[in-house]
Amino acid sequence: VSRYSFVALSDTSIRIYFNILNGYAINAYNIALNRPTNSSMNFRTGYNDYGYFVEVYGIESANIDSLFTLTLTFKGDNSTTTLTYSALNYIATVIQKIGNSQDEKLLQQKNMCLAIYQYNLCAIDYFKIGNAWEVL
């Protein structure tokens, strides 16, 4: 794994970038996703300026903290790479790397991550626990 990115367009996604063996593309690998029960998470592959990636998409707001397992098996020799991850892992990594920096751009990124964390807590409360919010 060489890089991660958190993508929040119409749904939440995590892109996991891989260093592919020289002379091969992502289609030289069998890819499997083990997702949480009752989740609509799925994956697609792609390539951009950062390299080849597997994008796990359809991560529901109440599942930002849910672990998924991604397994890549090289078709040439059946060697495997397995990664267990969650969108919340990405958030925690960003917050940890920024630390106590006072750089304005980094503080904005850290605050965005903290807001996503709080959003996840509210989504868990709303969807998993079943507490409906009342309008006063």
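This report describes the strands, pockets and confidence values of one protein chain.

## Model and confidence

The structure is a predicted model. Across the protein chain the mean pLDDT is 86, and 90% of the residues reach 70 or more. Confidence varies among the elements of the chain: strand β3, residues 29–34, has the highest mean pLDDT, at 96, whereas β1 has the lowest, at 71.

## The open sheet

Three strands form an open sheet in the order β3-β6-β7, and their pairing is antiparallel. The edges of this sheet are β3 and β7, each of which pairs on one side only. On average, neighbouring strands of the sheet are turned by 15 degrees against each other, with direction ignored.

Within this arrangement, β3 and β6 run antiparallel and are joined by six bridges. One position can serve as a guide for the reader: Asn34 has Thr69 of β6 as its bridge partner.

## Strands β2, β4 and β5

Strand β4 covers residues 42–48 and strand β5 covers residues 51–59; the two pair in the antiparallel sense over seven bridges. Together they form a hairpin, with two residues between the strands. Arg44 has its bridge partner in β5, namely Glu55.

Strand β5 also pairs with β2: six bridges join these two strands, which run antiparallel. Here Phe18 is matched with Tyr52 of β5 as its bridge partner. Strand β2 spans residues 12–18, and six of its seven residues are buried, so the strand is largely enclosed by the rest of the structure. In this context, a residue counts as buried when its relative accessible area is under 20%.

## The largest pocket

The largest pocket has a volume of about 240 Å³. Its lining consists of Arg3, Tyr4, Tyr85, Tyr90, Thr93, Val94, Lys97, Ile98, Leu106 and Gln109. The elements that give two or more residues to this lining are β1 (3–8), α1 (87–98) and α2 (104–129).

Of the contributing elements, α1 gives the most to the lining, with five residues. Sorted by class, the lining of the largest pocket holds six nonpolar, two polar and two charged residues.

## The second largest pocket

The second largest pocket contains about 160 Å³ of space. Val1, Phe18, Asn19, Ile20, Leu21, Tyr29, Leu72, Phe74, Ser79, Thr80 and Thr81 form its lining. Two or more of these residues come from each of β6 (68–74) and β7 (80–85). By class, seven lining residues are nonpolar and four are polar, while no charged residue is present.

Phe18 provides a link between two parts of this description. This residue helps to line the second largest pocket, and Phe18 is also the bridge partner of Tyr52 in β5.

## Val1 and Ser79

Val1 lies in the segment before β1. Its relative accessibility is 48%, and therefore Val1 counts as partly exposed; the range for this class lies between the limits of 20% and 50%.

Val1 and Ser79 both belong to the lining of the second largest pocket. Along the chain these two residues are 78 residues apart, and their C-alpha atoms are separated by 15 Å.

Key. Residues numbered from 1 in each chain as written. Predicted model: local features only at pLDDT ≥ 70, side-chain atom pairs only at ≥ 80, totals over all residues. Heavy atoms only, no water. Pairing = 2+ DSSP bridges. Helix = DSSP H or I, 4+ residues; strand = E, 2+ residues; numbered from the N terminus. 1 Å grid on protein atoms, 1.4 Å probe; cavity = no way out; pocket = protein on both sides within 12 Å on 5 of 7 lines; lining within 4 Å. Points joined across faces, edges and corners; volume = space filled by probe spheres on them. Nonpolar A, V, L, I, M, F, W, Y, C, P; charged D, E, K, R; others polar. pLDDT = per-residue confidence, 0-100. Axes fitted to C-alpha atoms, helices over the stretch in contact; angles between N-to-C directions. Buried < 20%, exposed > 50% of the residue type's maximum accessible area, 1.4 Å probe, protein only.
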